[in-house]
Amino acid sequence: MIELILFYAFAGVTIFAAMLMVLSRNIFHSALFLALALLGVAALFAMMGSFFIAGIQVLLYIGAVVVLTIFVINLTKQVIGQDVSQVNELVLPAIITSLLSACLIILAVLKTDWGTRIAQSVAQSELTDNTAIIGRQLLTNFVIPFEIVSVLLLAALIGAIAIVSRDKEADK
Amino acid sequence: MTTKAPFELEKLSNDEYILNMGPQHPSTHGVLRIILKLDGEVVKDLYCDVGYIHSSVEKMCENKKYEMIMPYTDRLDYLSAVNYNWGYALAVEKLMGITVPERAEYIRVMLAELNRIMSHLLWYSAYGMDVGALTPIMYAFREREEVIDMIEGMTGGRLTHNAFRFGGFRNDLPKDFMDSLKKFIGHFNDKIDEYEALLINNIILTARTIGVGVLSKETAINYGVTGPSLRGSNCAIDLRKTAPYSIYEKFDFKACVGKNGDTWDRLKVRMDEMRESTKILKQAMEGIPAGDIMAKVPKIIKPAPGEVYTKVESARGEFGVYIVSDGTDKPYRIKFRSPSFSNLSVLKEITIGSKIADVVAIMGSLDLVIPEIDR
Amino acid sequence: MIFTEILDKLKAKHEVLESKEDLGVLNAWVSAKKIKEVIGFLKNDMQFGQLSFVTAVDLMAANNIEMVYRLFSYETKSDVVIKVKLDRAKPEIETITSIFSTADWHERETSEMFGVKFLNHPDPNRLLLPDGIDMPLRKDFKCADMTPLPKV
Amino acid sequence: MELIKELLYNSGKPLGELYTWAHGIWAGWGAPPFLLDLIFQIVIGVAVAAVVVLNALWIIYYDRKLSALMQIRKGPNRVGPLGLLQTIADTVKLMIKEDINPKAVDIFSFWIAPLIIFIPTFAVFLVLPFGKGLIPADLNIGILYVVAITGLTVIGILAAGWGSNNKYSLIGGLRSAAQIVSYEIPMMLVILSIVLMTGSMKMSDIVAAQSHYKWFVIPQIIGFIVFLIVGNAEINRAPFDLPEAESELVAGFNTEYSAMKFAFFYLAEYTNLFLTSAIAATLFLGGWEGPLLPPIVWFFIKTYFVVTILMWIRWTFPRIRVDHLMEFSWKYMLPIALLNLVITAIVIKLV
Amino acid sequence: MITLSHYIILGAVLFAIGIFGVITRRNAIGILMSLELIFNAVNINMVAFSRFLTPEGAYGELFTIFIITVAAAESVLGLAIILAIYRKRQVLNADEMNLMKW
Amino acid sequence: MIKYIADIIKGIISLMEGLLVTLKHVFRKPITLQYPEQRPDISLRFRGRLAMPIDPATKDNRCTACMICVRACPNHSIECEKIVGEDGKPKPKPASYTYNMGSCIYCNLCVESCPFFAIIMSDEYETGTEDKASLTMDLAAEKYELKGKKAAWWGSKFKTEG
């Protein structure tokens with residue numbers, strides 16, 4: 001019972017924040033709402049017992065990605081005080097596309113018979129913390145993807161620095 | 001003061017923006033406005049806007065009798081008022097040909113050196129605030145209070161002393177002056193060591209100041225920079241040594257110089273100067289003769305027509321008084337050449353290319369007093 | 001260096017309109033057109049490294065504005081004063097900012113205090129005064145706030 | 001008497017008994033049990049809130065008194081005995097002051113910023129081990145939670161900086177973001193070496209691993225120093241108070257703030273100070289462990305020991321410059337923390 | 001009782017909102033942020049599937065970690081590119097970034 | 001590498017020196033003066049507001065309305081009027097002696113110029129008020145009584161010299 005209430009609360013917050021993020025006229029507000037939506041998602045992760053993922057979500061997504069986004073918004077100072085519509089002329093096609101995709105997925109979910117697949121798995125009430133499992137998996141079965149991702153991150157870091165660093169000659 | 005924007009906004013490139021520092025800003029030490037053109041945190045251009053507290057002292061003095069101008073010189077630089085009194089008194093005495101008795105000269109030297117210490121202590125504490133250290137101000141003010149008490153005992157004023165009269169002093173030193181001076185000299189050098197350990201030698205501060213705001217000797221002289229700011233640039237020009245006035249030849253002290261002319265050298269010069277001042281005070285205390293404190297001065301000050309320029313080494317640099325007399329009891333034209341005026345003008349030269357925090361650090365190291373710039 | 005020496009050296013190179021000794025310091029009057037050369041000569045050839053100040057005196061009786069340039073030499077420890085008489089109605093003089101950078105602010109101050117126009121000045125903005133107050137150091141400046149000393 | 005002693009020394013047991021006892025009564029009434037859980041949660045929340053606020057008030061007073069000691073002053077001594085009520089008076093003053101909303105601000109960001117800054121601070125108290133069994137929620141990812149949640153503060157500072165529509169605020173916000181993000185890395189590395197030593201991120205496990213006075217401050221002395229420095233930088237206190245450097249940026253991101261909103265920033269700053277110290281005490285100084293005195297007292301003693309060190313640093317040093325700050329993080333803190341981590345790993349493997 | 005469907009439907013809704021944002025936003029940063037939303041919708045699904053179907057291996061969580069990492073890399077690069085374009089051409093709106101369009 | 005470590009060690013030493021200074025001060029006595037209760041010991045020559053004390057011998061002020069102080073004041077803070085007797089001739093006593101504290105710069109020039117030691121800069125330094133009008137006061141009517149060591153000092157001055 002209490003879990004259901006919490007689920008609906010968090011889901012509501014997430015969707016509400018996501019809607020506001022998409023519709024907000026001010027890009028900075030959008031970023032703040034994005035942070036809220038991500039926080040809601042993190043809470044949902046925590047509800048599912050994936051505390052580690054929730055922590056990573058907050059640490060990386062909010063603490064790094066959103067902060068970076070806000071940082072860039074601050075740097076492109078043109079936006080301050082601007083209150084023009086942030087939405088282009090594609091509203092109607094966008095609504096149709098998004099509704100269609102949502103309906104499709106929901107229909108597929110409802111049509112699928114999950115019962116048999118869940119049956120042999122652990123019931124939800126027994127969901128335990130799986131941080132240890134993740135850690136073991138990352139360093140055994142998934143060690144190569146793990147390393148590849150770290151290389152990717154390094155490459156992205158260097159690439160970002162290279163892109164943003166100023167052209168010394170162009171300056172002069 | 002200017003109403004025109006000094007660099008047009010259209011000239012800004014995309015990454016640059018204008019930041020108004022002042023007129024009310026915690027680290028401009030008064031009402032000074034600095035318009036910065038910044039790229040991120042780096043200063044690209046800078047414009048000093050002064051004159052917010054201009055009170056036209058020179059015009060005021062043209063309408064006052066000679067003896068009435070003395071309290072106004074206090075208010076030019078309220079931190080080393082005695083030196084400014086001295087500059088003015090010296091000018092009128094030279095114009096009138098008055099010789100000051102030796103005891104009065106000794107008292108003048110003592111007051112001036114105490115005043116220099118007082119000013120440097122305030123500079124030290126304010127500099128601590130400028131660079132974010134909040135404790136130095138308390139320690140420095142403890143000693144400063146002792147100095148002020150001594151000067152107050154002699155002159156009656158704590159900040160605007162109005163100490164000098166033409167020809168000497170009205171009152172002799174109070175009885176307990178020598179005792180408190182002795183006590184002060186006794187422990188002050190240890191205190192300076194503490195100050196240096198607390199702030200000047202701190203690695204954070206040295207990292208912030210060494211190599212920052214380098215003022216070369218040529219630039220400094222070209223911009224008319226004087227005082228400790230000039231001596232920081234390895235230029236041993238101290239008016240007490242190079243153009244001695246009063247009885248400064250009698251004392252054994254050295255003009256403190258820095259090596260590279262960066263911000264840290266200017267700080268160090270001021271700290272050393274306090275030690276030298278203590279030395280002078282010690283010699284003056286031992287050598288002070290008995291005798292008159294006031295020369296024979298006519299009741300009405302009416303100098304012969306002519307003009308005079310005298311300069312003294314104030315805590316900030318060369319303070320000069322230029323008087324044109326037309327034979328009446330009021331000066332025809334009086335001009336105060338104030339050290340901070342020239343010292344501030346060099347700020348642009350040495351700040352461009354450094355960070356916002358450096359602007360504060362460099363400006364603090366120049367030791368500005370705004371009323372003296374605006375006059 | 002005593003004043004006669006300076007005067008001789010100066011006279012050898014440039015025209016000195018008038019000169020006198022005042023409390024041991026040479027005061028030399030030169031013409032307004034020559035000011036830049038004279039100051040440059042004093043700085044480069046006679047080691048007058050410091051420009052103490054630039055100011056002006058309003059000689060209302062003679063209908064003149066007198067520019068005063070005071071230089072000091074750290075090497076020889078001697079002063080020299082260069083003066084220029086300008087027409088009070090239309091005071092104009094060449095700037096010496098290119099020789100002494102410190103002259104920049106001093107000239108701007110003089111400019112607004114006496115209305116002297118400095119030709120070719122790099123930054124002719126006002127320095128100290130707000131708009132609306134002009135030439136306060138001229139002797140005929142009047143202001144409502146100015147009260148004379150009481151006559152008792 | 002017994003109960004109080006039990007509560008002080010081994011809080012988990014009596015609290016658990018209380019909980020089961022209440023459940024029994026509750027079941028007797030036939031009310032749904034989750035409501036009781038909710039009530040318990042709320043009680044814990046209120047208790048934590050009370051601790052947060054009282055602690056912030058006290059710590060501000062402590063800071064002022066300590067600074068007064070170092071600056072040969074007397075500090076607050078007018079309001080109440082020894083000036084103890086001074087901070088309360090200040091808070092009341094801030095509450096009844098006019099709350100100014102400047103015209104040009106972005107109202108939404110301007111209002112939300114103090115909350116964003118305060119809430120994570122508040123939330124971290126959830127995993128602080130005050131005593132044996134006295135931990136509001138002993139999360140499995142305890143220390144990761146702390147790091148993740150405190151990282152949210154930077155969004156608040158950025159919102160305050162941007163929303164104030166003031167260049168000083170904006171620079172302060174940008175500085176803060178750069179500072180917090182780059183200091184989080186050495187902090188994580190130091191915490192990782194602790195996690196390596198304990199094998200758990202749970203706060204209670206970390207404390208348990210240090211039982212019998214095997215405090216991590218001895219093997220991890222470098223880590224402790226790095227943690228203090230980095231933690232000090234994370235909470236924007238001098239000498240790392242660049243986002244609000246008053247001599248350069250007037251007041252940085254809180255230039256435009258007044259009254260209650262400012263009080264939130266102020267409270268959050270001091271609560272953050274307490275938090276960093278508490279975490280340092282937990283990670284390195286054995287948490288609530290200690291002889292004679294009750295655990296909770298030991299916890300506070302250790303925390304305040306760290307607080308005192310941080311304040312001592314604050315009242316002594318000048319402010320670091322922004323590029324040196326970055327340099328310091330990347331050139332000194334990060335390699336040292338990394339080296340510390342590697343050495344820890346090797347030693348653990350060998351021993 | 002919360003079922004798997006709850007989470008998947010929530011993910012679908014978030015996904016739809018994200019799609020809407022990506023299509024309609026003019027500001028390039030806004031598009032990037034909407035992309036993050038889509039990533040999150042996927043993450044919810046991943047974690048939910050993992051929790052309900054394969055809790056013993058935590059495969060979904062592992063994929064989530066990789067997704068988060070890749071998303072971080074993606075947003076870093078995206079923002080860097082946006083910043084570079086803004087510096088060069090003063091535009092932030094995606095429909096104005098048309099130098100390579102013909 | 002050696003330089004790197006040397007830098008760190010040098011930095012730590014300098015920081016420690018600073019910390020030591022503040023630590024030393026923790027054990028020193030505070031120098032605070034609890035102002036309204038504790039008063040500073042101000043010097044005899046301190047220049048507070050201008051006062052025209054009553055001479056305890058004659059129970060009257062010593063002013064002769066000679067106007068020297070009015071002329072000595074640099075910014076017209078003093079105005080003085082003589083008593084006009086029944087015969088229409090002014091007498092050497094002030095009818096009013098208006099002192100404007102708002103414009104006074106506490107320079108002591110009036111006191112030094114006074115040949116009769118009639119006025120003195122008192123040791124009163126808490127002169128702030130809420131309205132401007134109270135800054136202008138009539139010293140002749142005020143009947144100021146000088147207290148403390150300053151009174152003795154003032155008394156000794158005119159008794160020995162005049």
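Start by selecting Asn27(E), which sits in the loop between α1 and α2 of chain E. Before going further, keep in mind that this is a predicted model. Is Asn27(E) buried or exposed? Asn27(E) is buried, with a relative accessible area of 2%. Now add Glu96(E) to the selection: the two residues are 69 apart along the chain, yet their C-alpha atoms are separated by 9.6 Å.

**Stop 1: chain E against chain A**

Show chains A and E together. Of the nine pairs of chains in contact, this is the pair that shares the most contacts. Colour the touching residues and you'll pick up 70 from chain E and 84 from chain A. How much area do chain E and chain A bury between them? About 7000 Å², and 77% of that is on carbon and sulfur atoms. On the chain E side, select Arg25(E), Met33(E) and Arg51(E): these lose the most area to chain A, together 11% of what that side buries.

Next, colour chain E by secondary structure. Three helices, α1 (4-24), α2 (28-53) and α3 (59-89), are the elements that each give two or more residues to the side touching chain A. Which of them gives the largest share? That's α3(E), with 24 residues. If you switch to colouring by residue class, the chain E side shows 47 nonpolar residues, 14 polar ones and nine charged ones.

Looking for salt bridges between chain E and chain A? The rule finds zero across this interface. For polar contacts, the rule finds three residue pairs here, with both partners at pLDDT 80 or more.

**Stop 2: two pairs that don't touch**

While chain E is on screen, bring up chain C. No contact joins chain C and chain E, and their closest C-alpha atoms lie 32 Å apart. Then swap to chains A and F. No contact joins these two either, with 25 Å between their closest C-alpha atoms.

**Stop 3: chain B on its own**

Hide everything except chain B. You should be able to trace 15 helices and six strands. The radius of gyration of chain B is 21 Å, close to the 21 Å that the globule rule gives for 375 residues, so chain B is as compact as a globular protein of that length. Turn the C-alpha trace along its principal axes and you'll see spans of about 70 × 50 × 30 Å. Colour by burial next: 71% of the 375 residues in chain B are buried. As for how the chain meets itself, take the contacts between residues at least 6 apart in sequence; 73% of those join residues at least 24 apart.

**Stop 4: His161(B)**

Zoom in on His161(B), in the loop between α5 and α6 of chain B. This one is buried, with a relative accessible area of 0%. What does the side chain of His161(B) reach at 3.1 Å? One partner is the backbone oxygen of Gly157(B). There is also a polar contact of 3.1 Å to the side chain of Asn115(B).

Now show the wider surroundings. Leaving aside neighbours within four places in sequence, the residues in contact with His161(B) include Asp74(B), Ala81(B), Val82(B), Met118(B), Ile151(B) and Thr155(B). Turn chain F back on too, and you'll find Arg47(F) in contact with His161(B).

**Stop 5: chain B against chain D**

Finish by bringing chain D back next to chain B. Here 33 residues of chain B are in contact with 25 residues of chain D. The area buried between them is about 2500 Å², and carbon and sulfur atoms give 60% of it. Select Glu41(B), Leu134(B) and Ile204(B), the residues of chain B that lose the most area to chain D, together 21% of what that side buries.

How many salt bridges does the rule find across the interface of chain B and chain D? Three. One to display is Lys355(B) with Asp323(D), whose closest N and O atoms are 3.7 Å apart. The rule also finds ten residue pairs in polar contact here, both partners at pLDDT 80 or more.

Several elements of chain B give two or more residues to the side touching chain D, among them β1 (16-21), α4 (102-130) and α14 (356-366). The largest share, five residues, comes from β1(B). By class, this side of chain B divides into 20 nonpolar, seven polar and six charged residues.

Conventions
Residues are numbered from 1 along each chain as its sequence is written. Chains are lettered from A and ligands numbered from 1 in the order in which they are written. Side-chain values use heavy atoms; hydrogens and water are left out. Contact means heavy atoms within 4.5 Å. Buried area is the accessible area (1.4 Å probe) that two parts lose on being put together, summed over both. A salt bridge is a side-chain nitrogen of Lys or Arg within 4 Å of a carboxyl oxygen of Asp or Glu. A polar contact is a pair of N or O atoms within 3.5 Å; within protein, one must be able to donate a hydrogen and the other to accept it, and residues adjacent in sequence count only if both atoms are side-chain atoms. Helices (H or I, at least four residues) and strands (E, at least two) are DSSP runs, numbered from the N terminus. Ala, Val, Leu, Ile, Met, Phe, Trp, Tyr, Cys and Pro count as nonpolar, Asp, Glu, Lys and Arg as charged, and the others, Gly among them, as polar. The radius of gyration is taken over C-alpha atoms; the globule rule is 2.2 Å times the number of residues to the power 0.38. Buried means under 20% relative accessible area, exposed over 50%, partly exposed in between (1.4 Å probe, protein chains only).
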